[in-house]
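Student: I should like to take a close look at one single part of this molecule, namely the place where its charged side chains pair. Could you describe that part in detail and then set it within the rest of the chain?

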Amino acid sequence: MEVRFREVDPFNCWIWLRCGHPPGAAERSYLETVFDSWFFLGKLGGFNAENLQAHQEGGDLNWLVYEADEAERALPALMHNMGPMEYEEEWARCWLDLGTSDAFALDVLINTLSRLNSDVLEIEEVLIGGINEDWPIEETPDSPFALDD
């Protein structure tokens with residue numbers, strides 16, 4: 001699975017996936033569940049690199065003292081909006097307003113798509129940001145944070 005980043009506007013970001021074949025109903029269901037679950041975690045602030053206390057502790061988490069005050073001091077990192085998953089032939093795409101969530105969220109998505117590629121659906125390419133000449137964008141979904149042209 002090749003992953004490429006193009007021009008990324010976090011408030012108006014398309015994620016494109018080129019599959020090895022047009023995804024069937026079951027494969028679409030898995031893919032949509034991945035994106036829905038990932039978005040809900042982001043909407044609730046789960047991708048906040050400013051508060052990674054367990055990760056920063058390292059391998060030994062025994063008796064970790066989790067500092068709630070430190071977690072509360074972290075600035076919010078929230079995703080704002082997600083459009084529906086769309087399909088055309090072997091392509092799938094989803095529009096997102098990533099809001100203030102950290103790039104850490106994209107790493108989590110890429111890791112998850114990599115496992116999905118290994119186990120469920122052949123994903124040949126993931127494109128993050130920009131536009132896709134193979135599938136033009138007719139209209140950008142509404143986002144209260146997107147800039148008007």
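**The salt-bridge network and its setting**

Tutor: Let us begin with E125, which counts as buried because its relative accessibility is 7%; buried means under 20% relative accessible area, exposed means over 50%, and partly exposed lies in between (1.4 Å probe, protein chains only). Please keep in mind that this is a predicted model, in which local features need pLDDT of at least 70 and side-chain atom pairs count only at pLDDT 80 or more, whereas totals for chains, interfaces and linings use all residues. Residues are numbered from 1 along each chain as its sequence is written, and side-chain values use heavy atoms, with hydrogens and water left out.

E125 belongs to a network of salt bridges that also links E2, R4, R18 and E124. A salt bridge here is a side-chain nitrogen of Lys or Arg within 4 Å of a carboxyl oxygen of Asp or Glu. Side chains of opposite charge can pair when their charged atoms come close. In the whole structure there are 6 salt bridges.

Consider the bridge between R4 and E125, whose closest N and O atoms are 2.5 Å apart. R4 lies in strand β1 and E125 in strand β6 (residues 123-128), so this pair ties together parts that are 121 residues apart in sequence. Helices (H or I, at least four residues) and strands (E, at least two) are DSSP runs, numbered from the N terminus. R4 counts as partly exposed because its relative accessibility is 35%, while its partner E125, as noted, is buried.

E125 also meets R18: their side chains form a salt bridge of 2.9 Å, N to O. Since E125 is in strand β6 and R18 in strand β2, the pair ties together parts that are 107 residues apart in sequence. R18 has a second partner in E124, and the closest N and O atoms of that bridge are 2.3 Å apart. E124 lies in strand β6 and R18 in strand β2 (residues 13-19), so this pair joins parts that are 106 residues apart in sequence. Both members of the pair are partly exposed: R18 has a relative accessible area of 23%, and E124 stands at 30% relative accessibility.

Let us now place this network within the chain. There are 4 helices and 6 strands, and from the N terminus on the elements run β-β-α-α-α-β-β-β-α-β. The C-alpha atoms fill a box of roughly 50 × 40 × 25 Å, taken along the principal axes. Of the 149 residues, 36% count as buried.

Two buried residues outside the network deserve attention. D97, in strand β5 (residues 91-97), counts as buried because its relative accessibility is 0%. Its C-alpha atom is 8.5 Å from that of D9, although the two residues are 88 residues apart along the chain. N48 sits in the loop between α1 (25-43) and α2 and is buried, with a relative accessible area of 10%. A polar atom of the N48 side chain lies 2.8 Å from the backbone oxygen of L75.

A further loop residue is E89, found between β4 (86-88) and β5. E89 has a positive phi of about 55° although it is not a glycine, and it counts as exposed because its relative accessibility is 57%.

Finally, we turn to the surface patches. Patches are made of residues with over 30% relative accessible area and no salt bridge; like charges are joined within 9 Å and nonpolar side chains (Val, Leu, Ile, Met, Phe, Trp, Tyr) within 5 Å. Accessible areas come from the Shrake-Rupley method with a 1.4 Å probe, and for residues only the protein chains shown count as cover. One patch is nonpolar, covers about 300 Å² and is made by M1, V3, F5 and V8. M1, in the segment before β1 (2-5), counts as partly exposed because its relative accessibility is 34%. Another patch is negative and is formed by E67, D69, E70 and E72; Asp and Glu count as negative and Lys and Arg as positive, with His and the chain ends not counted. E67 lies in the loop between α2 (53-57) and α3 (68-73), and at 38% relative accessibility E67 counts as partly exposed.

Methods: Charge placed at Lys NZ, Arg CZ, Asp CG, Glu CD. Polar contact = N/O pair within 3.5 Å; in protein donor to acceptor, adjacent residues only side chain to side chain.
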